[in-house]
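Open the structure in your viewer and keep a selection prompt at hand. The stops below go from charged pairs to a helix and then to the nonpolar interior.

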Amino acid sequence: MSIKGKAYIAGIYEHPTRLATDLTLAQIHAQCAKGALEDAGLTKDDVDAYFCAGDAPGLGPMSMVEYMGLKPRHVDSTDTGGSSYVLHVGHAAEAIAAGKCKVALITLAGLAPTAWRPARYRAAVAARRHPTSRSSSPMGRPW
């Protein structure tokens, strides 16, 4: 089955800031949803499918659906890290082509990594990028 010509991107919105320390993740998701729907000329009542990944608070998409007052027939919370939202576009197109929904909303609200990850986490991620090996360093680290 081809999905060509059966689903279209109608609206997009990029939050104006990457470091919104005065907003919750739920608020950022909601603002992005509102902006995308306005761009598409739609309302939340038009939405019958919702997609988000692991950055959504609480129970993920179920918490966001309740928070935003959506009533979707189809929900997807597939999480593949930073590529989740690209995957969601494909899943939404497939759901539309299969008749599971007509209007799919996808939101992303992840904060900039330095905004929410402690320094020890960032150091651990950096250390994992380097293979462990013996070196001439007094600490035995390769860097």
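Which residue forms a salt bridge with Asp48? Select Arg73: the closest N and O atoms of this pair are 3.3 Å apart. The pair links distant parts of the chain, with Asp48 in the loop between helix 1 and strand 1 and Arg73 in the loop between helix 2 and strand 2, 25 residues apart. Bear in mind while measuring distances that this is a predicted model.

Colour the two partners by accessibility. Asp48 has a relative accessible area of 13%, and it is therefore classed as buried, since the cut-off is under 20%. Arg73, at 56%, is exposed.

The structure holds 2 salt bridges. For the other, select Glu38 and Lys34, whose side chains meet at 2.6 Å, N to O. Both residues lie in helix 1, 4 residues apart, which is about one turn of the helix. An α-helix has 3.6 residues a turn, so residues three or four places apart point the same way. Glu38 counts as exposed, at 51% relative accessibility.

Next, select helix 2, residues 61–68. Which of its residues are buried? Show Pro61, Met64, Val65 and Met68 as sticks. These four cover an arc of only 105° around the axis, so they sit on the same side of helix 2. To see what they pack against, add helix 1 (25–40), strand 1 (49–51) and strand 2 (74–76). Then step just past the end of helix 2 to Gly69, which takes a positive phi of about 70°.

Now go to the nonpolar interior. The largest nonpolar core has 13 residues. Select Val47, Tyr50, Met64, Met68, Leu70 and Leu105, the members with the most contacts inside this core. Helix 1 and helix 2 each supply at least two residues of the core.

Centre the view on Tyr50. What is Tyr50 in contact with, leaving aside its neighbours within four places in sequence? The list includes Pro61, Met64, Val65 and Met68, the buried residues of helix 2. Also on the list are Leu70, Pro72, Leu105 and Thr107, together with His29. His74, Val75 and Asp76 complete the list of contacts.

For the last stop, select Ala49, Phe51, Ala92 and Ile96. These belong to a second, separate core of 6 residues.

How values were computed
Residues numbered from 1 in each chain as written. Predicted model: local features only at pLDDT ≥ 70, side-chain atom pairs only at ≥ 80, totals over all residues. Heavy atoms only, no water. Buried < 20%, exposed > 50% of the residue type's maximum accessible area, 1.4 Å probe, protein only. Arc of directions from axis to C-beta. Contact = heavy atoms within 4.5 Å. Salt bridge = Lys/Arg side-chain N within 4 Å of Asp/Glu carboxyl O. Core = buried A, V, L, I, M, F, W, Y, C linked by side-chain atoms within 4.5 Å.
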